[in-house]
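User: I am new to this structure. Please pick one part, look at it closely, and then place it in the whole.

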Amino acid sequence: MDPGGLPVRGALVALVAVAALSGCRRNDAAARLEAARAALFANKPDVALSEYKLALDALERNTSPEAALYRARALRGAADVYAFQLQDPRRAAEVYRELIKTCPEAPETMEGRLHLAALLRHQFRDVRAAIAELTAALARNPPQSAELAYQVATLYFELRDYQQVTIEADTVIRRYEASTWVDDALYLKGQALSMMDERRGEAVRAYAELVERFPDSKLVPHALVELGRLKADQGDGEKAIDYWVQALPRHPDPMGVQASIARVRAHLRATTPRAVGDPMKAFDWDVPGAAVGEGGAPLLLPKTSAEAVGATEEEAAREARMTEGSTAPEKAPARQGPQRPR
């Protein structure tokens with residue numbers, strides 16, 4: 001018997017033992033993950049969390065590709081339990097970050113980033129950190145890139161960085177022009193532009209593009225209302241009413257739209273002379289409400305010579321009778337301006 005064979009056999013036995021132990025650990029991790037899923041199905045999140053931790057313990061110092069897969073699943077599962085079942089956002093954020101750090105290429109990491117971004121936005125009010133996570137997710141070009149890019153734009157709107165909103169919205173409009181998020185991006189762009197006084201003309205164009213390109217979008221009536229508001233702010237009440245009338249059939253709050261129409265119509269009636277355009281009545285001062293002044297106030301009749309030098313109404317009336325032989329009463333009735341619609 002070859003004496004050198006003993007060490008060889010010993011080495012082989014050791015390798016087999018290590019392989020068996022490694023296989024047991026992998027099988028143990030898989031079993032723990034299955035047990036965690038069963039615990040979640042039974043609504044036992046604490047048990048599921050324990051199983052995920054045992055799975056991670058079984059994978060310690062194992063660097064095989066299969067172990068990396070199990071590790072990503074265990075970390076993602078534990079983080080989700082903290083976030084959704086146990087309502088512990090701090091621990092959830094910690095485990096999501098561990099997942100991102102140790103398993104950056106795993107499929108589970110993408111969803112983990114998105115969940116972390118939502119926690120940062122809603123639980124911790126750290127909007128910039130949420131933007132960073134979404135931007136990192138976008139760098140991997142996931143299938144939902146258009147939606148994520150739109151979410152980034154909305155986060156900048158929360159920060160009131162309206163200039164950056166327009167940049168991010170334009171990215172959605174140009175890069176993902178075939179996606180279902182383009183009309184949302186156009187509407188958001190219009191909102192951001194309307195918040196900047198010097199760019200309201202661009203806001204009108206953004207809303208008009210939405211109405212023209214996506215006539216069936218649920219955002220069209222809202223865009224029409226915004227167009228009306230912008231026109232009303234510019235003093236074009238008639239055009240504002242036209243937009244609002246178009247919005248009425250599909251707007252979820254038709255009563256609110258009708259109220260806006262009524263207010264602008266009342267303003268137009270109160271500030272527009274009734275005889276404008278009628279040469280026979282343009283200077284007919286004896287017709288009550290023939291014309292109004294600024295703010296809807298009635299224009300005053302020309303003063304008589306007595307009134308011009310500060311005489312009382314009675315003295316002016318006597319002058320009028322002596323001048324014209326009039327039989328009018330000494331005090332004329334007060335002149336009425338145009339009446340607002342009730």
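Analyst: The following account starts with the whole chain, turns to helix 8 and a residue in a neighbouring helix, and ends with two helix pairs.

The model is predicted, so local features need pLDDT of at least 70 and side-chain atom pairs count only at pLDDT 80 or more, while totals for chains, interfaces and linings use all residues. Residues are numbered from 1 along each chain as its sequence is written, and side-chain values use heavy atoms, with hydrogens and water left out.

The protein comes to 15 helices and 0 strands (DSSP runs, H or I of at least four residues for helices and E of at least two for strands, numbered from the N terminus). Of its 342 residues, 38% count as buried (under 20% relative accessible area with a 1.4 Å probe, protein chains only; exposed is over 50%, partly exposed in between). Among contacts (heavy atoms within 4.5 Å) with a separation of 6 or more, 45% join residues 24 or more positions apart.

Helix 8 covers residues 162-175, which is 14 residues. From first C-alpha to last, helix 8 reaches 20 Å, close to the 20 Å expected at 1.5 Å a residue (1.5 Å times one less than the number of residues). Its buried residues include Tyr 162, Val 165, Glu 168, Asp 170 and Ile 173. The buried residues of helix 8 pack against helix 7 (145-158), helix 9 (182-194) and helix 10 (200-213).

One of these neighbours, helix 9, contains Ser 194. Ser 194 counts as buried because its relative accessibility is 15%. Its side chain reaches the backbone oxygen of Gln 191 at 2.7 Å. Leaving aside residues up to four places away in sequence, Ser 194 touches Arg 200, Ala 203, Tyr 207 and Leu 230.

Leu 230 falls within helix 11 (residues 220-233), whose axis comes within 8 Å of that of helix 12 (residues 237-247), crossing at roughly 165 degrees (axes are lines fitted to C-alpha atoms over the stretch in contact, with angles from 0 to 180 degrees between N-to-C directions). That makes the two helices roughly antiparallel (over 145 degrees). Helix 11 passes helix 12 in a left-handed crossing. Where they meet, helix 11 supplies residues including Leu 224, Leu 227 and Gly 228, and helix 12 supplies residues including Ala 240, Tyr 243 and Trp 244.

Elsewhere, helix 4 (residues 89-102) and helix 5 (residues 107-122) have axes that come within 9 Å and cross at roughly 145 degrees. Helix 4 passes helix 5 in a left-handed crossing.

How values were computed: Polar contact = N/O pair within 3.5 Å; in protein donor to acceptor, adjacent residues only side chain to side chain. Parallel < 35°, antiparallel > 145°, perpendicular 65-115°, else oblique. Left-handed = near helix turned anticlockwise from the far one by under 90°.
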